[in-house]
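Here are my notes on the model, as promised. Have it open while you read.

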Amino acid sequence: MRFLKWAGALAAVLLVISCFLPWITIPFRNIQLTGVDTTGTNFGKPGYFHFLNAAFFLLLNFIPRIWAKRWNLLVIGLNTGWALRNFLLIPACSGGICPDREIGLYLMAFSSLAMLVAGLFPQMKLPGETNS
């Protein structure tokens with residue numbers, strides 16, 4: 001399970017990259033939305049919260065203390081909830097207009113789940129634990 005720390009770091013970088021890729025395309029209005037550019041809608045900038053969560057995840061992921069792993073559970077829980085919100089709310093049909101989902105939305109969901117798995121199984125030696 002040693003590779004999960006680095007896989008989680010790669011997933012956090014992939015999450016940041018996915019926020020710059022197209023999430024949905026609204027063909028009726030001829031606009032394409034990303035995590036940081038939602039011009040023409042009232043979604044705000046959902047990618048910025050992912051940036052904050054990825055930064056905290058990377059920081060806490062490489063601190064070899066039990067408190068950091070526990071705080072990391074909170075961070076990945078918030079990030080996974082925000083990703084689920086973005087995956088369900090942003091491409092929802094509204095007024096008979098259904099947007100097309102793009103690769104960035106799927107990449108955001110995948111990388112958030114990968115961060116969740118990496119954070120749930122940290123590689124850490126607890127005090128008093130032996131190598132047997």
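The points below cover the basis of the model, its core, its sheet and a surface patch.

1. Ground rules first: this is a predicted model, with local features needing pLDDT of at least 70, side-chain atom pairs counting only at pLDDT 80 or more, and totals for chains, interfaces and linings using all residues. Numbering starts from 1 along each chain as its sequence is written, and side-chain values use heavy atoms, with hydrogens and water left out.

2. The largest nonpolar core (buried Ala, Val, Leu, Ile, Met, Phe, Trp, Tyr and Cys joined through side-chain atoms within 4.5 Å; buried is under 20% relative accessible area, exposed over 50%, partly exposed in between, 1.4 Å probe, protein chains only) has 23 residues, and Trp23, Ile24, Phe57, Leu105, Met108 and Met115 touch the most other members. At least two residues each come from H1 (3–18), S1 (22–26), S2 (31–34), H2 (46–61), H3 (66–89) and H4 (103–120); helices (H or I, at least four residues) and strands (E, at least two) are DSSP runs, numbered from the N terminus.

3. Look at Phe57: leaving out residues up to four places away in sequence, its contacts (heavy atoms within 4.5 Å) include Gly8, Asn72, Ile76 and Met115.

4. The sheet is open and three-stranded, ordered S2-S1-S3 with antiparallel pairing (at least two DSSP bridges per pair). S2 and S3 (100–101) are the edge strands with a single partner each, so one side of each has no neighbour in the sheet. Two bridges link S1 to S3, and Ile24 sits opposite Arg101 in S3.

5. Ile66, in H3, is partly exposed at 37% relative accessible area.
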